[in-house]
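Visitor: I would like a close look at a single part rather than a tour of everything. Could you pick one helix and follow its neighbours for me?

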Amino acid sequence: MSAGQITGSEPAHVAGHRTLQGAQASAPSAAQAAKPAGAITPQHARNDARYRGRFAPSPTGPLHAGSLVAALASWLDARAHDGHWLIRIEDIDPPREVAGGAHQIIATLARFGLQSDAPVLWQSERGEHYVAALDSLVTQGLAYRCTCSRREVDEAAPANGLPDRIYRGRCRNGCDPARTTWSWRLRVDATAPLAFIDRAAGEIEQDVVRDVGDFVLRRSDSLWAYQLAVVVDDAAQAITDVVRGADLLDNTARQIYLQRSLGLATPRYLHVPVVRNASGEKLSKQTGAQPLRGDDAVAELEQAWQHLGFAPLGADAPAAFLRHAVPLWQERCLRADTIAAARHRAATDFSSARPHGR
């Protein structure tokens with residue numbers, strides 16, 4: 001059975017050498033894997049491709065101070081590299097989305113002078129591409145059906161001496177035939193920790209087998225998992241550099257693993273500090289983040305800029321702010337002796353062999 005034949009109703013929207021944990025506490029391109037049969041290949045996946053970055057919000061609420069930091073950092077990095085900056089709306093989880101939220105985010109970004117250099121990509125329109133990627137993995141024997149519920153996974157992990165939600169492949173060799181719905185998981189069979197370079201944290205290493213396990217590609221409710229969608233779309237948009245919040249640092253190793261499984265290029269990564277509330281929690285809708293409307297755009301840009309470690313600019317308009325910020329970002333963030341890895345350095349840091357998956 002292929003991934004495209006999943007049981008259930010189809011939705012309408014069809015991490016000096018440090019461990020990951022150590023980097024988070026302190027805190028393109030890998031060699032492309034050999035292309036497996038049926039792999040999806042982006043039109044541009046070369047180390048010397050022109051810089052292409054992106055900001056990819058989920059429309060679960062209005063733009064807030066934390067998301068503005070990520071948007072500004074990604075836009076500045078693209079402009080400092082004389083590259084392209086794209087907006088992608090990650091609207092693949094309808095139950096969590098706010099009606100009109102995506103258009104509100106796009107409009108608010110425009111008030112800050114942050115506009116996409118290409119038409120906005122909507123993940124809700126990309127289901128067939130995710131099906132093709134999943135089918136490729138199933139054909140290679142790298143993905144399998146799993147009928148375990150989240151509760152069962154949560155209960156089994158500590159019982160087996162594992163951290164919460166670490167899945168060790170109970171359904172790898174067959175699942176419960178009496179169950180009519182299932183998720184799809186990626187087989188994670190790496191024999192060594194996966195290492196990558198983050199332009200802020202340096203070299204990061206994570207044991208994906210131990211720390212992540214076989215992770216979900218498509219949920220039992222037929223909704224697409226973030227990990228698959230982000231990997232497929234970064235490739236489709238020929239993204240060379242990902243600049244995002246440090247809260248996503250621990251997702252990077254598994255995304256690189258998945259990129260290799262699909263024979264896709266790996267972007268460079270830069271994870272910037274997240275904004276936290278008074279209690280030390282990451283700022284989000286759930287932790288009381290106040291929406292930004294862009295009515296006082298310069299002040300809000302200055303706040304995001306200072307959070308990124310820069311001195312106030314004293315600009316009087318968003319366009320003037322951005323014009324002065326780009327060369328300052330370029331001076332600090334593109335120098336090899338600061339946070340930037342050499343353009344092709346990462347290519348020597350990864351094995352070119354495909355992960356073991358059969």
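Guide: What follows is a walk around helix α2 and its surroundings.

A word on the model comes before the details. The model is predicted, so local features need pLDDT of at least 70 and side-chain atom pairs count only at pLDDT 80 or more, while totals for chains, interfaces and linings use all residues. Residues are numbered from 1 along each chain as its sequence is written, and side-chain values use heavy atoms, with hydrogens and water left out.

Let us begin with the sheet beside the helix. Helix α2 covers residues 65-80 and lies across β2 and β3 (helices are DSSP runs of H or I with at least four residues, strands are runs of E with at least two, and both are numbered from the N terminus). Its direction is about 150° to that of β3 (axes are lines fitted to C-alpha atoms, for helices over the stretch in contact, and angles run from 0 to 180 degrees between N-to-C directions). The two strands belong to an open sheet of three, ordered β2-β3-β4 and paired in parallel (two strands pair if DSSP finds at least two bridges between them). At the edges are β2, residues 52-55, and β4, residues 121-122, each pairing on one side only. Strand β3, residues 84-89, is joined to β2 by four bridges. Within this part of the sheet, R54 is placed opposite L86 of β3.

Now turn to the helix that packs against α2. This partner is α10, residues 318-333, and the axes of α2 and α10 are 9 Å apart at an angle of about 70°. The two are therefore roughly perpendicular (angles of 65 to 115 degrees count as that, under 35 as roughly parallel, over 145 as roughly antiparallel, and the rest as oblique). From α2, the residues L72, A73, W75, L76, D77, R79 and A80 meet F321, L322, A325, V326, W329 and Q330 of α10 (contact means heavy atoms within 4.5 Å). By class, this contact has ten nonpolar residues, one polar and two charged (Ala, Val, Leu, Ile, Met, Phe, Trp, Tyr, Cys and Pro count as nonpolar, Asp, Glu, Lys and Arg as charged, and the others, Gly among them, as polar).

D77, one of those α2 residues, also forms a salt bridge with R199, with the closest N and O atoms 2.7 Å apart (a salt bridge is a side-chain nitrogen of Lys or Arg within 4 Å of a carboxyl oxygen of Asp or Glu). The pair ties together distant parts of the chain, 122 residues apart: D77 sits in α2, and R199 in the loop between β7 (194-198) and β8 (202-206). The whole structure holds 16 salt bridges.

One more step takes us past α10. Helix α9, residues 297-307, has an axis that comes within 9 Å of that of α10, crossing at roughly 20°, and this makes α9 roughly parallel to α10. Here A297, V298, L301, E302 and W305 of α9 meet P318, F321, A325, L328 and W329 of α10. The contact has nine nonpolar residues, one charged and no polar. F321, A325 and W329 of α10 are thus a link in this little chain of helices, appearing in the contact with α2 as well as the contact with α9.
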